[in-house]
Amino acid sequence: MYAPFDTILPADSVEFCPHPDAKNIFVCGTYKLEEEQPLGESPPVPSAPTSQTRRGQCLVFGVHSEEDVSLCASKMQEISLPAVLDLKWCHTTQGRRPLLAVADAEGCIDIFEWDIEQKHLHASGPLRIAPSHVLCLSLDWSNRRSPTSTAGSLAVSLSDGRLALLEPDQTGQLSVTDTWAAHDHEPWIVAWDYWNTNVMFSGGDDLRLKIWDKRQGFEQPVTVNRRRASRFDAGVTSIQSHPNVEHIIAVGSYDSTVRLFDVRKPLTPLTQADVGGGAWRVKWHPSPSRTHDLLVAAMHDGFKIVRFRDMWNKHDSHSGETGGKWEIQKRYDEHASLAYGVDWSHHSWQNQPGQTLIASASFYDHALHLWRG
């Protein structure tokens, strides 16, 4: 539908801005290891400090319509950084500038503010989370459902098996308040429960999905999936709390399966969908009108929209039934390499109602695509 963009360096992450005045903005992160090795295929994470160099960029794009008929995107800015593994926009109120956090390969979270008038990302300075040989693998903001005028809390997973919690002080400045040993192997993902921001989920190459509660401390998780019914056959790679349906999380794994869990009964999945290829990222549709649609970056098998049926009723309350149906509502196979980064736009473009703009990024062919679904 749209001409692909060459990101030059391998692309692995994409995020659309949710801010009311910047919904046409999205960012793409890139990752280049001198001895190239894709994320998630024999982990690119060394077990001990090395002199390996990983470099990347944060690329900023703007989407605009031409004569109200078609959409096109143009690169607005590129920022050189250590290799980027994840990036997320904070959900802020309209009076607050959009805030972006970037997880880099040298133990830092890089914070940026988007200047709406100048249309430019300004660095607020890196936050040191770990030694420079430790990679920040993933991050998530806590305030998805309740946009704030200051930064939300930020959870970060680290390649040495730890998780970190960053919280804002009275002036809104983020600082590390807790770090703890969470997984025996790389924790590829950490995510908040958007409905209860005392709770976090994490998953990693130890095949474990864990639930943590700030109120109980971090010496041990509240729950670990030990039962056979909830066992993963490969590492846990992606988790997202449903922003519009309480208690529901989607969990992706290298075992090519996406599982849905009710967090009140986290030991047995409600259903599971075989998406093929390895589920590196899962993203719920941001609109309350499409609560059953999940976007999946399926690594070796392209990008897909999975639609879950009979899982919760029209009031978006979980029905309590197991074994709900699912189907691949759409797939996008135009990429020539590993499918890693993907996201829905938060903007409702009027020229094609019911079809959401999607950005997707792939690794070895360093390609960024726009499509609809």
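Y340 is buried, with a relative accessibility of 0%. In this predicted model, Y340 also pairs with W280, and that pair is a good way into the aromatic side of the structure.

**The W280–Y340 pair**
- The ring centres of W280 and Y340 lie 5.3 Å apart with 55 degrees between the planes, so the pair counts as tilted.
- Along the chain the two partners are 60 residues apart: W280 belongs to the loop between strand 22 (271–274) and strand 23 (281–284), while Y340 is in strand 27 (residues 339–344).
- W280 has a relative accessible area of 2%, so W280 is buried.

**Other rings**
- The model has 14 aromatic pairs in total.
- One of them is F16 with F26, again tilted, at 4.9 Å centre to centre and 45 degrees between the planes.
- F16 comes from strand 2 (residues 11–16) and F26 from strand 3 (residues 25–30), which puts them 10 residues apart.
- Both F16 and F26 are buried.
- Ring pairs also tie a cluster together, made up of Y31, W188, Y254, W280, Y340, F363 and Y364.

**A charge over a ring**
- R145 places its charged end over the ring of W195, 3.5 Å from the ring centre.

**How far to trust the model**
- Mean pLDDT for the protein is 90, and 89% of the residues get to 70 or more.
- Residues 42–49 stay under 50 in pLDDT, and the model gives them 20 contacts beyond four places in sequence.
- Residues 319–323 also stay under 50, with eight contacts beyond four places in sequence.

Key
Residues numbered from 1 in each chain as written. Predicted model: local features only at pLDDT ≥ 70, side-chain atom pairs only at ≥ 80, totals over all residues. Heavy atoms only, no water. pLDDT = per-residue confidence, 0-100. Contact = heavy atoms within 4.5 Å. Phe/Tyr/Trp six-rings, centres within 6.5 Å; stacked < 30°, edge-to-face > 60°. Helix = DSSP H or I, 4+ residues; strand = E, 2+ residues; numbered from the N terminus. Buried < 20%, exposed > 50% of the residue type's maximum accessible area, 1.4 Å probe, protein only. Lys NZ or Arg CZ within 6 Å of the ring centre and 35° of its normal.
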